[in-house]
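Me: Hey, got a minute to go through a structure with me? I'd like to start with the ligand.

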Amino acid sequence: MTDARSTTETSPRRIAIIGGGLSGLAAAHRLIELTSAASPTSPRCEITLLEAGPRLGGIVGTRRENGYLIDTGADSFLTNKPGAIGLCRRLGLEDKLVATDSRYRGVHVVFDGRPVPVPAGFQLLGPTAIWPMITTPILSPWGKLRLLMEPFVPSRTPRDATELADESLASFVRRRFGREVLERLVQPLVGGIYTSDPEQLSLAATLPRFLEQERDFGSLIRAALSAKNSDRPPGANPTDTTSSGARYGLFAGLAGGMEDLLAALRSRVEAGGTVKLNTRVTEIQRPLTNPQREQGALSRDASASPFLLALSDGTHHSFDSVIVATTTHHAALLLGELDHDLSSELRQIEYASSAIVVTGHRLADVAHPLDSFGLVVPHRERRRILATSFSSRKFPERAPAGSVLLRTFVGGAMQPELNDLPDDELQRLVQSELSELLGVRGEPEISLVVRYPRAMPQYHVGHLDRVARIEALTARHPGLALAGNAYRGVGIPDAIHSGESAAMLVG
Ligand SMILES: Cc1cc2nc3c(=O)[nH]c(=O)nc-3n(C[C@H](O)[C@H](O)[C@H](O)COP(=O)(O)OP(=O)(O)OC[C@H]3O[C@@H](n4cnc5c(N)ncnc54)[C@H](O)[C@@H]3O)c2cc1C
């Protein structure tokens, strides 16, 4: 890093990335790629990654304990979005990519206190096959009839322009398929991904393909049937009727867990730039220009470059460009002085907190066959867990032979009070739920609690408009870019894509 006073015109371009989660790492890595591909006569870039915590990776991490391999946060990513899979290939990780175990693809949902398979082909918001919907015990006869009426439900005709703008996911599903499908299937499946209240989630910001299907086919069922009859490649459309839940056939993990990706990124970024751990940025400022300083001016010149970063150790450092790759509540704090409007828009994006209780059990201690990738729990069942992922069914190498690794999600936007429970209470609560729902007995071989305070952005109705305003406000500051999973997608491929796009913008 360069002290503000030592800046000269001949210095290389200095670029700071604030935040060493996946989006910040992806941004730094892309900048290094761009720099090494540039011609020798191009100006040199000096890349500095500033991370507040003691390690890189942010909310992603991997631990090994008693023969278990535990991804403590994300454990897999979508492969039909290029962000993660493309980066893995560029990092030479192709031989470490692992597909999910096809024997167990599918998911259970709790219905009347017991796990029942989600009907085959039901994918997040709607069915892609009719027979499994007719035979499922999850819906009442009226619920099934209402679902089958979907092709005859008219498309939405907004009363005014604002109504056209966005719709909640819950409103969309109730309108197209009825209340039962929403409460018994969609809410728990979507809740398992976004830890959100579907009454508030924006459909356009989260699952726009379903809006497109309504627009293009007038019905989601008709869209699914039409795709089934065409030769669309799997993954181009939600028409894989062999699995249920969150399209697990399209997910991949890494043999050594997400640490494989982090380690590869870390070594490339450390080789091509500077990484500063335990370094919190407290503010992004515009330095006073010389004439201003001479005149004792208090206001700063918004068009002046570079940026001045204030760090928690009291030092200030200047950079030509800055990528802010933190959660938006952190970004809002950093940008408060530079741009009040931008900061206040960023502050409006809400986050949900959650915890994962990771447990390892002998298979002999579990009555349920665990013959899927996991269990999701509808809010209406009034239980105290959101979902349990059967991690070693998804990826068999995650548990020692004869044992199973479970990851149980607690809290989220709909049960925020559970986030405040101490670890031992959370562990007891999960043990009791797993015992009732899956017949888990005895002491687990391992048990640990991982917390994610304000980690999952909530894409509420109106989110895309807010993001457009944020992007327009950010564009007023050439050299400044934002990255992270709060803007245009919450998953790992989205976070990586946002980091790489930010790098292209400032690089
Ligand atoms: C429980 C959970 C499970 C998930 N599971 C999946 C999954 O299976 N598949 C999937 O695709 N996605 C999953 N996700 C989403 C995925 O993990 C995220 O999209 C991604 O990790 C976000 O990365 P990020 O870099 O944007 O943010 P973060 O990981 O939050 O990184 C931000 C970094 O910025 C740092 N920072 C903050 N303020 C400052 C500052 N002032 N100065 C310096 N540094 C600062 C923080 O310390 C942190 O390291 C999951 C998310 C959660 C919460």
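Me: How do the residues of the shell around the ligand divide into nonpolar, polar and charged?
Reply: There are 18 nonpolar, 16 polar and 3 charged residues in that shell. Keep in mind that this is a predicted model.

Me: Okay, and how many residues surround the ligand, and which are the closest?
Reply: The ligand is surrounded by 37 residues, and G19, G21, G58, A74 and G491 are the closest.

Me: Which elements give two or more residues to the shell?
Reply: Three helices and two strands, if you go by the labels: α1, α13 (328-335) and α18, plus β17 (351-362) and β21.

Me: β21 is in a sheet, right? What's the strand order there?
Reply: The order is β8-β7-β18-β19-β20-β17-β21, so to speak from one side to the other. That's an open sheet of 7 strands with mixed pairing.

Me: Which strands stand at the edges?
Reply: β8 (114-117) and β21 (446-457) do. Each has a single partner strand, so one side of each has no neighbour in the sheet. From one strand to the next, the twist averages 25°.

Me: What does "mixed" look like? Parallel or antiparallel for β7 and β18?
Reply: β7 (residues 108-111) and β18 (residues 374-376) pair in the parallel sense, over 2 bridges. V109 has V376 of β18 as its bridge partner.

Me: And how do β18 and β19 run?
Reply: Those two run antiparallel, joined by 3 bridges. V376 turns up again here, standing opposite A387 in β19. β19 and β20 (residues 403-411) run antiparallel as well, with 4 bridges, and S389 has R407 in β20 as its bridge partner.

Me: Which way do the residues of β19 point, and are they buried or exposed?
Reply: A387 and S389 point one way, while T388 and F390 point the other way. All of them are buried.

Me: Switching to helices. Which residues of α2 are buried?
Reply: In α2 (residues 82-90), they're G83, A84, L87 and C88.

Me: Why do they line one face?
Reply: Looking down the axis of α2, the buried residues fall within an arc of 120°, so they line one face of the helix. In general, an α-helix has 3.6 residues a turn, so residues three or four places apart point the same way.

Me: What covers them?
Reply: The cover includes α1 (22-37), β5 (77-78), β6 (97-99), α11 (259-272) and α18 (492-506). α1 and α18 also give residues to the ligand shell.

Me: Last one: what does G92 do just after α2?
Reply: G92 takes a positive phi of about 75°.

Technical notes. Residues numbered from 1 in each chain as written. Predicted model: local features only at pLDDT ≥ 70, side-chain atom pairs only at ≥ 80, totals over all residues. Pairing = 2+ DSSP bridges. Axes fitted to C-alpha atoms, helices over the stretch in contact; angles between N-to-C directions. Buried ≥ 20, exposed ≤ 12 C-beta atoms within 10 Å, placed from the backbone. Arc of directions from axis to C-beta. Contact = placed C-beta atoms within 7 Å. Near = placed C-beta within 6 Å. Nonpolar A, V, L, I, M, F, W, Y, C, P; charged D, E, K, R; others polar.
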